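Let's take a walk through this one together, from a single cysteine out to the whole chain. Have the model open and follow along.

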Amino acid sequence: MSPIIIIITYPILIISTLLITPHPTLADQSSISVLITQPGLDFIKNLLVTKAISKITPTPLQEIDRAVNIPVIGKVHIVLSDITIYRFNVGLSQVIPNEGGVSIGGSDVRCDLRVKWHYYYGAALFPISVSDTGTAYIQVNGMEMGVALGLEIKDGSMQLSTIECNCHINDITIDLDGGTSWLYQGILDAFKEEIESTVAKTITKILETEISKLGYVLQNLPKQIPVDDVASLNVTLVNSPFLSDTSLGFEINGLFIENKSGKRLYGSSLQAPVRCSDPSKMIGIAIDEAVFKSALALYYNAMFMHWIVDKLPEQSLLNTAGWRFIIPQLYKRYPNDNMNLNISLSDPPAVQMSQQKIDSTVYADLIIDVLEVVDTTIPVACISLVISGTGSVQITGNNLAAHLEMSDLSMSLKWSKIGTLHMFLIQPVVWTMIETVFLPYVNARIGVGFPLPLIHGFMLRNAEIITSDSRITVCSDVTYQESLSGTRIYAL
């Protein structure tokens, strides 16, 4: 069963789902499945187009110098300098996934340039030269752009490649500020092809450079998402993609691992992708109960589920005098001695998810320690606890957090050095201790939550949570914030 399955539509990850070729093996079991749907593809495409425009404008182009034969006038030297692309607009754009990867195309693209012109020529009848200067505005019309991207998975990381990148220009128009009609026609005749070629090559080079930068970022994405000092979420890429005409998908490992050893602590197998009830949501993250079991197993094995209670709201319960009517033999044998309550889990907690409900069971041992003299601890009894509770989950930032409430408590005597203990007398005290000390501590920890596998810069927005059999589904929109700017945020 797959611990996490995600239907997700956040930007940039579209690039990471193109040409994943390895075949599944036992070592490549995945617990996170990411499906980027059409709304997500469009969101990514819009982000990439916006990013490309920000890199294209403004862009200086090389100076163009050419001699032109003008009827009647003769040979004229014309120089175009300070050529700058200052406005760039994509009228229509689309993203198309296919078997080989994904293609992003733009049509009805308009590109505006600002230039300075200068010409000079010698007069036919007089030994003098004629010259003039001015400015011009060039409009590139009907431009079409296309980028085909591919990606392969190597050693659990993404490697982006440019399959094709091109730019085609249909026509240009020139608006001269000053000059004469012959100058307009001369510039148009002499420089049209060179202007088109220069603009196309410049834009293509910018796109290829930005794709290369994006490829470097994707290739160096972390393979683990830290949860705390003990555990991380394994986000290594595995297996082959699942592709359709309107979506792209890929798989990652997705289980909790120990920071020191990187050891997987819970097995899994892949389930089919899930769907959100609201198709307009950009992300659907289905988290199987096995993910929680892997986390609980990790912290249990790391011996992080052991507590010594030496402070209580009712501090008198940490002295044998406070128990003289509950456990008389304890007070009789150790009168007025201080105590500790030593709680440790005997097994990893169990979690079971059902429709609109999350049940949890905690198995623990409660050892009563008597502090007879300084630095001397005497264990006098051990009580087995089975704590049943119901949980709820919520989204905190990009984390999935939880809250636990106790619904039942059963107790049994495991061993005793002070005779038989009456559980019905002890249970109310232990119940109060769990509700006032143990549960607040646990809820403070699980209230922080663990991070969902989102790339830095993306934030969940208007998230909804659905609980069903064996899994929790988070359906959400996302926002994206530029990494180099704290003010530029895209939202859908």
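Start at Cys 111, which counts as buried because its relative accessibility is 0%; buried here means under 20% relative accessible area, with exposed over 50% and partly exposed in between, using a 1.4 Å probe and protein chains only. Before going on, a word on what you're looking at: this is a predicted model, where local features need pLDDT of at least 70 and side-chain atom pairs count only at pLDDT 80 or more, while totals for chains, interfaces and linings use all residues. Residues are numbered from 1 along each chain as its sequence is written, and side-chain values use heavy atoms, leaving out hydrogens and water.

So what does Cys 111 do with its sulfur? A disulfide is a covalent bond between the sulfur atoms of two cysteines. The cut-off used here is a pair of cysteine sulfur atoms within 2.5 Å, and by that rule the count is zero. For Cys 111, the nearest cysteine sulfur is that of Cys 167, 8.2 Å away. Seen from the other end, Cys 111 holds the closest cysteine sulfur to Cys 167, and 8.2 Å is too far for a bond. Cys 167 is buried as well, at a relative accessible area of 15%.

Now hop over to Thr 59, in strand S3 (residues 59–60); strands are DSSP runs of E with at least two residues, helices are runs of H or I with at least four, and both are numbered from the N terminus. Thr 59 is buried too, with a relative accessible area of 8%. Leaving aside residues up to four places away in sequence, Thr 59 touches Ile 83, Thr 84, Ile 85, Thr 202 and Ile 206, a contact being heavy atoms within 4.5 Å.

Next comes a little open sheet, three antiparallel strands in the order S10-S11-S14, where pairing takes at least two DSSP bridges between two strands. S10 (224–226) and S14 (256–258) are the edge strands with a single partner each, so one side of each has no neighbour in the sheet. From one strand to the next, the twist averages 40°. S11 (residues 231–234) and S14 are joined by three bridges, and one of the pairings puts Ala 231 opposite Glu 258.

Finally, zoom out. The protein chain has five helices and 25 strands, and 49% of its 492 residues are buried. Among contacts with a separation of 6 or more, 68% link residues 24 or more positions apart.

How values were computed: Axes fitted to C-alpha atoms, helices over the stretch in contact; angles between N-to-C directions.
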